[in-house]
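Student: I would like to go through this structure and ask what stands behind each label. Please set each value against its definition.

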Amino acid sequence: MKEKIRIIAVIVSFAVIVIMAVFDTFGIISYEQIMVFLKLRNPAFTSAEVSVHFIDVDQGDSVLIVSEEKSLLIDAGEEISSEKVAAYLKSMGIDRLDYIIATHPHTDHIGGLTDIIRDFGVGELVVPELPQRIVDESFFYVQLLEEAVQMNIKITETMPGDVYTLGKSTLEILAPCGEYEDINNYSIVAEFVHEENKFLFTADAETESEEDMLRSGTLEDIDVLKVGHHGSSTSSCGEFLEVIRPEFAVISCGTGNSYNHPSESVMERFLKDDIRVFRTDMQGDIIAESDGQSINFIVKGK
């Protein structure tokens, strides 16, 4: 009896696989839709043409940008967060990333990226130009670069002024634009533009980097600020906020983190400037949908 049950189970499983393949091939229902229907995969959080996903990776950073058929991932949190990020990408039907940006060699940003480039197709890995002393001290960063070489992934040391195209949208590199002692200030800072909507991603850039960007004259009014350094008092200085004038701010930080991020002083600046704040420690994954004229936020919740 057990043998008959086993044979029947094998036959049924094979039949299901064949039916799924036929349905997917002829466009009746996609493989992704079948997986969601069978509750083997979560549905995508949004079907918007352009969406920016601030993935909750505890006390770390990870942002996914989806623009038409193109996708770009900025950081992936600590190594332990790679499974969460991978699951999120799969839930969006993503098996290949056009770009990955590794903002700077701190593990709460790039620790999970090595696993990501092993599991997903990657068109290009974008990194900052760093002094050799910083590279030599950064095990996870060296590991990431070595893995990218092994996977034959193009590695680009980006510079201010470089522009990456994502469908009808663009992402321009603004920083780092100086020489620094602190690794945080070597963070890649980038502005994403979809028609009239503008997002600024600042990784862990601190006041010194902000001041250099102010001097360079490249900053402008934006809609959404990914707050620097998890809301630390070392970032989001008053003059910086006065120039970029965001309507929304998103802070990526861990619940009850030992750094007390975000700091009271930064939150007070946002309050004073009537900036609406979203926080991953309180609201989980945060999605911003853009139609080019307005931005709609979706909060997944904890």
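**Labels and their grounds**

Tutor: Residues 27-33 have pLDDT under 50 throughout, and the model gives this stretch 11 contacts beyond four places in sequence. Here pLDDT is the predictor's confidence in each residue, from 0 to 100, and a contact means heavy atoms within 4.5 Å. Residues 39-43 also have pLDDT below 50, with 11 contacts in the model beyond near neighbours in sequence. Where pLDDT is low, the predicted coordinates should not be read in detail.

Student: What is the mean pLDDT of the chain?

Tutor: The mean is 90, and 85% of the residues reach 70 or more. This is a predicted model, in which local features need pLDDT of at least 70 and side-chain atom pairs count only at pLDDT 80 or more, while totals for chains, interfaces and linings use all residues. Residues are numbered from 1 along each chain as its sequence is written, and side-chain values use heavy atoms, with hydrogens and water left out.

Student: Why is S209 called buried or exposed?

Tutor: Buried means under 20% relative accessible area, exposed over 50%, and partly exposed in between (1.4 Å probe, protein chains only). S209 has 0% relative accessibility, so S209 is buried. S209 sits in helix α8, residues 207-216, where helices (H or I, at least four residues) and strands (E, at least two) are DSSP runs numbered from the N terminus. Leaving aside residues up to four places away in sequence, S209 touches A175, Y180 and N185.

Student: What makes the peptide bond from A175 to P176 cis?

Tutor: Its omega is near 10°. P176 belongs to the loop between β8 (169-175) and β9 (189-194). Another cis bond joins H261 and P262, with omega about 0°; P262 is in the loop between β12 (248-251) and α10 (264-272). Most residues other than glycine have a negative phi, and most peptide bonds are trans.

Student: Which sign does phi of A203 have, and which sign does phi of D274 have?

Tutor: A203 is not a glycine, yet its phi is positive, about 50°. D274, also a residue other than glycine, has a positive phi near 55°. A203 is in the loop between β10 (197-201) and α8, and D274 is in the loop between α10 and β13 (276-279). With 5% relative accessibility, A203 is therefore buried; at 66% relative accessible area, D274 is therefore exposed.

Student: How do you know that a space is a cavity and not a pocket?

Tutor: On a 1 Å grid over the protein atoms alone, a cavity is a set of points where a 1.4 Å probe fits but cannot get out, whereas a pocket is an open set with protein on both sides within 12 Å along at least five of seven lines. Lining residues have an atom within 4 Å of a point. Grid points are joined across faces, edges and corners, and a volume is the space filled by probe spheres set on the points. By this rule there are 2 cavities of 30 Å³ or more. The largest cavity has about 70 Å³; 13 residues line it, and I74, D75, T103, F201 and A203 are the closest to its centre.

Student: What is the volume of the largest pocket?

Tutor: The largest pocket holds about 270 Å³. Among its 15 lining residues, V66, E68, E69, M92 and I94 are the closest to its centre.
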